[in-house]
Amino acid sequence: MPSRKIVVLGSRGVGKTSILRRFLTFPFQDEYIPTIENTYQKNYKCFEVQFDLTLIDTRGQEKYGSLITSYTGATDGFILIFNLCNRKSLEMISIINDELQFETGGAPMLLVGNKNDLKKERVVKYSEGKEVAESIGCKYLECSAKENENIEQIFEIILEEIEKRNGSLTFSHSKKTNKKQNSECIIL
Ligand SMILES: Nc1nc2c(ncn2[C@@H]2O[C@H](COP(=O)(O)OP(=O)(O)OP(=O)(O)O)[C@@H](O)[C@H]2O)c(=O)[nH]1
Ligand SMILES: [Mg+2]
């Protein structure tokens, strides 16, 4: 069974723990309990492959240099979370990305805007999140840990990015693309 290590990063209180708890099928908590560090294991089937996931929940970063380098060694992918109701948490993403580029030289990442259930409090537009994602070279997704919206998708996308980077051929859509190319070759 392939093992993949995924680290979740972002400012304080953006919902890193809440997203992981949802994925691990624990109930949502309204109470805020700051994380020091937690590691979770989960067997997860994705794209017909059973993965042994190690998920690292980190404490919120508030300034440059607070990313502990031990997270970055042997990590397959990073989920970068910000709060759609807090612009500073989006600004923090570029800082985290700079540190990651320095430490890992470009591991697969996914940018996630959380708390999209708070429609009235929201201050970051979809287009702004997407723009930051494009500037750091990754995909963008919005979710709500509270409403359990788009949580599994986060893990599907990051695993897809990791497997693409690994050059894995186990994805059905990669196979489809290959087939199409093959049949085009035959026609030519
Ligand atoms: N409305 C709403 N609240 C959320 C959502 N996700 C998390 N929260 C709340 O936001 C607060 C912080 O959530 P956490 O998951 O602890 O945030 P964190 O990023 O792990 O914080 P640190 O561990 O300190 O870095 C808690 O009170 C949660 O209940 C969401 O999707 N919607
Ligand atoms: Mg936490």
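## Close-up views of a predicted model

**Figure 1. Strand 1 within the sheet.** Strand 1 is largely enclosed by the rest of the structure, because 6 of its 8 residues are buried. The model shown in this and the following views is predicted. Strand 1 and strand 3 run parallel and are joined by 6 bridges, with R4 standing opposite L53 of strand 3. Strand 1 also pairs in the parallel sense with strand 4, over 5 bridges. There, V7 has F78 of strand 4 as its bridge partner.

**Figure 2. The open sheet and its edges.** The sheet is open and consists of 6 strands in the order 2-3-1-4-5-6, with mixed pairing. Its edge strands are strand 2, residues 37-46, and strand 6, residues 139-142, each of which pairs on one side only. Averaged over the sheet and with direction ignored, neighbouring strands are turned by 25° against each other. Strand 4, residues 77-83, runs parallel to strand 5, residues 109-114, and 6 bridges join the two. In this pair, L80 stands opposite L111 of strand 5.

**Figure 3. Helix 1 packed on the sheet.** Helix 1, residues 16-23, packs on the sheet and touches strand 1 (3-10), strand 2, strand 3 (49-58), strand 4 and strand 5. The direction of helix 1 makes about 155° with that of strand 3. Of the 8 residues of helix 1, 7 are buried, so the helix is largely enclosed by the rest of the structure. The buried residues are K16, T17, S18, I19, L20, R22 and F23. Their cover includes strand 1, strand 2, strand 3, strand 4 and strand 5, together with helix 4. After helix 1 comes T25, which has a positive phi near 65°.

**Figure 4. The crossing of helix 1 and helix 4.** Two packed helices are described by the angle between their axes and the distance between the axes. For helix 1 and helix 4 (residues 151-166), the axes come within 9 Å and cross at roughly 90°. Helix 1 is therefore roughly perpendicular to helix 4. Residues I19, R22 and F23 of helix 1 meet I151, I154 and F155 of helix 4. By class, this contact has 5 nonpolar residues, no polar residues and 1 charged residue.

**Figure 5. Helix 3 across strand 5 and strand 6.** Helix 3, residues 126-136, lies across strand 5 and strand 6. Relative to strand 6, helix 3 runs at about 150°.

**Figure 6. The shell around ligand 1.** There are 22 residues around ligand 1, of which G15, T17, S18, T35 and G60 come nearest. Helix 1 gives the most to this shell, with 3 residues. By class, the shell around ligand 1 has 5 nonpolar, 10 polar and 7 charged residues. T17 and S18, which are among the nearest residues to the ligand, also belong to the buried residues of helix 1.

**Figure 7. The protein chain as context for the close-up views.** The protein chain has 5 helices and 6 strands. From the N terminus on, its elements run β-α-β-β-β-α-β-α-β-α-α. Of the 188 residues in the protein chain, 36% are buried. Among contacts in the protein chain with a separation of 6 or more, 73% are accounted for by residues 24 or more positions apart.

How values were computed: Residues are numbered from 1 along each chain as its sequence is written. Chains are lettered from A and ligands numbered from 1 in the order in which they are written. This is a predicted model: local features need pLDDT of at least 70, side-chain atom pairs count only at pLDDT 80 or more; totals for chains, interfaces and linings use all residues. Two strands pair if DSSP finds at least two bridges between them. Helices (H or I, at least four residues) and strands (E, at least two) are DSSP runs, numbered from the N terminus. Axes are lines fitted to C-alpha atoms, for helices over the stretch in contact, and angles run from 0 to 180 degrees between N-to-C directions. Two residues are in contact if their C-beta atoms, placed from the backbone, lie within 7 Å. Angles under 35 degrees count as roughly parallel, over 145 as roughly antiparallel, 65 to 115 as roughly perpendicular and the rest as oblique. Ala, Val, Leu, Ile, Met, Phe, Trp, Tyr, Cys and Pro count as nonpolar, Asp, Glu, Lys and Arg as charged, and the others, Gly among them, as polar. A residue is buried if 20 or more other C-beta atoms lie within 10 Å of its own, exposed if 12 or fewer, and partly exposed in between; C-beta atoms are placed from the backbone. A residue is near a molecule or strand if its C-beta atom, placed from the backbone, lies within 6 Å of it.
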